[in-house]
Amino acid sequence: MKRLNLFAALLLTVLLAAPAFAADTIKIGFNIPLTGDIPEVGEGSKNAAEMYLADINGAGGLEVGGKKYMLEFIYMDNESKAESAVNAALKLIEQEDVVAIIGPNSSKQAVPGGGTANDNRVPMISPWSTNPDTTFERPWVFRAAFLDPFQGPVVANFAAKKFSAKTAAVLFDVSNDYSKGLAEIFKSSWEAKKLGPVVAFESHGTKDQDFSAQLTTIIAAKPDFIFVPDNYNQVALVIPQARDLGYKGPFMGSDAWGTPDLVKLCGEQCNGQYFSTHYAAAGAKGATKVFIDRYMEKYGAEPADYAALTWDSIGLLVEGIKNAGKVESSPRKMRAAIRDGLAAIKSFDGITGSSKFDEQGDPIKCAVVVKISDAGTFVFEESVCP
Amino acid sequence: MDFIIQNILNALQWGSFYALIALGYTLVYGVLRLINFAHGDIFMVGAYISFFVAGFLLGPTIGLSPAIAFAVTVPLTMALTSLVGVTLERVAYRPLRRKGAHRLYVVITALMCGLILEYSNLAVLGASRLKFPALLEKQIWHLGGVTLTNLKVLVIVTAILVFVFLQWVVTKTRIGMAMRGISYDKFAIPLMGIPIDTIIVFTFVLGSGFAGLAGLLFAMSYPVLEPFMGMLIGWKAFIAAVVGGIGDIKGAFVGGFLLGFIEVGVVTVFPSTYRDLFAFTILLLILWVKPTGLFGMPQSTKI
């Protein structure tokens, strides 16, 4: 009984401590990976968000319907895990009473996290997720990135042209929605080109460190290039291991490669490879350049694509709130108003390019192919538009 | 044919790591009847220690050439890692043993120690992964259609040498005899004038030292370090040790390579999703036929 009382007292304390929804602030939750497999991604997102927050609140708040409201950002770690992304979303919705959620970034967390947001009728914008399932038939879920059905053909077309490839091989992470989805889309778009077959289609698990068995199978099939839609930490192991096993051909990657950590972990062996992504920092102009310069000055590193996409996601959300026209005191009403405001956005000019939105709430925008230079920087190679 | 030989080499390398870690499990179990669940994390700590040692030796203050740095890193890593193992024994296991706690509590303590090692690493070094510096100049040899690196050969040879060494220590030396004696009857042994604590510390020095060596070789082969790298491989190596017959040096060695061969073999033929399913089904079948493992002796009490 004593223990029960203690528990009740604790519960009460927690409930009282949770700040009530105040009408003069707008609370936005971030469901991002601050630890786990891809901590760099969470860090970059948070950095971009902090910059945006300082801009808005430094100017006295966000003006909605003639009144200024301060923004409050709450960062929740989803540990780069699917199940934790659901928990983080629930915590943001139920305990923190946020009116909208930015994130999760990776499709592995964004697909389940999007389901939670949609079921609880909370608007969510995923900055980085490219898997169609994240927003598919989910009216409450939006995104800032292009989709894998677009990215797959971009990779296939580029590789066919650049490497004069006839055959392709794929190595992907089977327990990652993003990697698996993209691998399958790539396979069908490569086969649709009728240049040659996908000679090997091999999978591995998220925690795997040894890929020698899969790579031996792939190399024995003699592909013209290997497509690796893996996270950067796995790529840093895959490429050196393939070289050790005698593979000399090129690799092609996807937007999950695009972090400065790839070069740090992989070293020289990743130089000269190509990947498709959302934007290239080198050679940026206009608002993109302003963002990159400010970010560099504040954090001492070039912002990766997820940082830029988080910036654009917040931009989209701000646009949605402005479209809502006024701030409701009940979080539930406010969420619905923001959702309608987001759905009303027809086109958006962000720092990762301008995009139009289709009826699923997905942007239609250009992709870029980036080359990892010999100095280990990401250099713009070409832009591909739908 | 080349394809098969290549995969045998892949399996030998991967199995070497299981074998090296399983040897540490089995050594401690053989003496103390304690499943040291922190062993996988001692392996992780070994990898991190080697990272800092190698980074320091290669760095601007010392500036050794990679080959000499490697030669110094090996003993230094082993010594420092065994220090971690011995510390763990002193602060976590020995006090419980003194109080006569049941073995189950010591096992739970070991599990907690493993988690403490993981999360203190996470707290101190953060979640970002580290890149292990190149210690050996990599050489790739092509023999027909088979590709071999000097590192791969080094890993496999090391695993075999460590096994031979430990087998010799346990069966042929006086201290090995004392170790076997403690496992047989830890109450009678002190009466024979054998310093039981010294022998146990020696066991932890051996087990953790070779976990450190395994960590170093692993970091050289898969040069991306993260705080949880020891968890899964540690569990799997433990299972390998059990299948081999825990407490038996030969069993850990054979069990480690067996698991390596099954895993690589399954991935070669089937999609990787089936790997753990097949691997552990096969191991389960082995235990079903022979519950004490391949080389294990039946005992009246086991955990």
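Okay, one cut-off before anything else: a residue is buried if 20 or more other C-beta atoms lie within 10 Å of its own. Keep that in mind, and keep in mind too that this is a predicted model.

So let's start with A:S355. Buried or exposed? With 22 other C-beta atoms within 10 Å, A:S355 is buried. The residue sits in strand β13 of chain A, which runs over residues 353–357. Setting aside anything within four places in sequence, its contacts are A:S347, A:F348 and A:G350, plus A:P363, A:I364 and A:K365. There's also a long-range relationship here: A:A144 is 211 residues away in sequence, yet the two C-alpha atoms are 8.6 Å apart.

Now the sheet around that serine. It's an open one with three strands, in the order β12-β13-β14 of chain A, and the pairing is antiparallel. Which strands stand at the edges? Those are β12 (347–350) and β14 (363–364); each has a single partner strand, so one side of each is left without a neighbour in the sheet. Between β13(A) and β14(A) there are two bridges, antiparallel, and A:K356 has A:I364 in β14(A) as its bridge partner.

Moving along chain A, have a look at β15, residues 367–372. Five of its six residues are buried, so mostly covered is a fair description. Which strands does β15(A) pair with? One is β11 (residues 274–277), antiparallel over four bridges, and there A:S276 stands opposite A:V369. Another is β16 (residues 378–384), again antiparallel, over six bridges; in that pairing A:V368 is across from A:S383. β15(A) and β16(A) make a hairpin with five residues between them, and in the turn A:G376 has a positive phi of about 85°.

Next, a helix: α12 of chain A, residues 331–343. Here's a quick geometry check. At 1.5 Å a residue, its 13 residues should span 18 Å, and the end C-alpha atoms are 18 Å apart, which agrees. Its buried residues are A:M334, A:R335, A:A337, A:I338, A:R339, A:G341 and A:L342. Notice the two arginines in there. What do those buried residues pack against? They pack against β4 (100–102), β6 (141–143) and α11 (305–324), again in chain A.

Stepping back to the domains. Chain A is split into domain 1, which is 13–146 + 285–364, and domain 2, which is 148–277. Their centres, taken over C-alpha atoms, are separated by 30 Å. The contact between them draws 17 residues from domain 1 and 17 residues from domain 2. On the domain 1 side, the elements giving two or more residues are α2 (39–58) and α4 (107–119) of chain A, with α4(A) giving the most, three residues. By class, that side has seven nonpolar, four polar and six charged residues.

Over to chain B, and how it meets chain A. 23 residues of chain B are in contact with 26 residues of chain A. On the chain B side, α1 (2–32), β2 (140–143), β3 (146–149) and α9 (249–269) each give two or more residues. The largest share is five residues, from α1(B). That side divides into eleven nonpolar, ten polar and two charged residues.

And α1(B) comes up again in the core. The largest nonpolar core has 212 residues, and those with the most contacts inside it are B:I21 and B:L23. α1(B) supplies the largest share, 17 residues. Where does this core lie with respect to the domains of chain A? Domain 1 and domain 2 of chain A both give residues to this core, so it lies between them. As for B:I21, leaving out residues up to four places away, it touches B:H39, B:G40, B:F43, B:A211, B:A214, B:I233, B:G234 and B:A237.

Last stop, B:L166, in helix α5 of chain B, residues 150–172. B:L166 counts as buried because it has 22 C-beta neighbours inside 10 Å. Beyond its sequence neighbours up to four places away, it touches B:L23, B:L27, B:L206 and B:I249. So B:L23, which we met in the core, turns up here as one of the contacts of B:L166. For scale, B:G212 is 46 residues from B:L166 in sequence, and their C-alpha atoms are 15 Å apart.

Technical notes:
Residues numbered from 1 in each chain as written. Chains lettered and ligands numbered in written order. Predicted model: local features only at pLDDT ≥ 70, side-chain atom pairs only at ≥ 80, totals over all residues. Buried ≥ 20, exposed ≤ 12 C-beta atoms within 10 Å, placed from the backbone. Contact = placed C-beta atoms within 7 Å. Nonpolar A, V, L, I, M, F, W, Y, C, P; charged D, E, K, R; others polar. Expected span 1.5 Å × (residues − 1). Core = buried A, V, L, I, M, F, W, Y, C linked by C-beta atoms within 7 Å. Domains from an automatic or database assignment. Pairing = 2+ DSSP bridges.
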